[in-house]
Amino acid sequence: MGIKPVVAMIGLGRMGLPMSKNLAKKFQVLTFDKTQKNQMKIAETFAKSDVVVIALPRASDVESVLEGGLNALKPGSLLIDTTTVSTDFAQRVGELALKHKVLAVDAPMSGGQPRAISGKLTFMVGGSSRAFEAAKPILEAMGERIFYAGEKGAGASVKLCNNLMLASQMIAVAEGFALAKKLHLDAASLYEIASNSTAKSWSLNEYP
């Protein structure tokens, strides 16, 4: 049996913490949370890792972590950013990783905390085919559906499109129940009927 790669999980929030627990079932895992705000600790964590997985709330958080740690990554290491960011930002991170001779993918996730806990997230991945193949075993430890979207930035782009469609869906569900209230309909009855009709959707039936 070969030596397990060391995977660093950066971000231990609602999504990152359960993701790190699933990673630990298959890999050696180091963790770092942005609340520590210690650049030396970030660099140390990156230096000890073969793979770095980032799950943070904002692009600015990712930028701060990379400023402290990217220089410490060994050439040939793998960087996986699961944060929801803009296409431009994802492409910049990809270019920066390339300059440091590090493989990188933008791999935003979908499924929410319940699927992060169960290890059944969906990942949409952008990057070179080589980087995607390297990232796949890591992502499979946290998710059950791994999609290759295209070159760097493509994963971030797909996530933005997905979020636009989801937001429209959520607004429609809210408006439907608002209308039902004006029409003096029972909300529970509407939910049951809509859940077994064409309105059945993630926003109606799975959103926590």
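**A tour starting from Thr82**

Select Thr82 to begin: with a relative accessible area of 1%, Thr82 is buried, because the limit for that class is under 20%. The model in the viewer is a predicted one.

Next, display the secondary structure around this residue. Thr82 sits in a loop, with strand 4 (78-81) on one side and helix 4 (87-99) on the other.

Now add Ile54 to the selection and show its backbone. A polar atom of the Thr82 side chain is 2.7 Å from the backbone oxygen of Ile54. Which residues, beyond its neighbours within four places in sequence, is Thr82 in contact with? Select Met19, then Val53, Ile54 and Ala55, then Ala107, Pro108 and Met109, and finally Phe123. Ile54 therefore appears twice on this tour, as a contact of Thr82 and as the residue whose backbone oxygen lies 2.7 Å from a polar side-chain atom of Thr82, a pair that falls within the 3.5 Å limit for a polar contact.

Then release the selection and view the whole protein. Nine helices and eight strands can be coloured here, and the C-alpha trace extends over about 65 × 35 × 35 Å along its principal axes. Among contacts with a separation of 6 or more, 63% join residues 24 or more positions apart. Of the 208 residues, 41% count as buried, and Thr82 is one of the buried residues.

Finally, switch to a surface representation. The accessible surface comes to about 11300 Å², and carbon and sulfur atoms hold 58% of that area. For the charges, select the 24 positive and the 18 negative ones: their mean positions lie 4 Å apart.

How values were computed
Residues are numbered from 1 along each chain as its sequence is written. This is a predicted model: local features need pLDDT of at least 70, side-chain atom pairs count only at pLDDT 80 or more; totals for chains, interfaces and linings use all residues. Side-chain values use heavy atoms; hydrogens and water are left out. Helices (H or I, at least four residues) and strands (E, at least two) are DSSP runs, numbered from the N terminus. Buried means under 20% relative accessible area, exposed over 50%, partly exposed in between (1.4 Å probe, protein chains only). Contact means heavy atoms within 4.5 Å. Accessible areas come from the Shrake-Rupley method with a 1.4 Å probe; for residues, only the protein chains shown count as cover. Lys and Arg count as positive and Asp and Glu as negative; His and the chain ends are not counted. The place of a charge is taken as NZ of Lys, CZ of Arg, CG of Asp or CD of Glu. A polar contact is a pair of N or O atoms within 3.5 Å; within protein, one must be able to donate a hydrogen and the other to accept it, and residues adjacent in sequence count only if both atoms are side-chain atoms.
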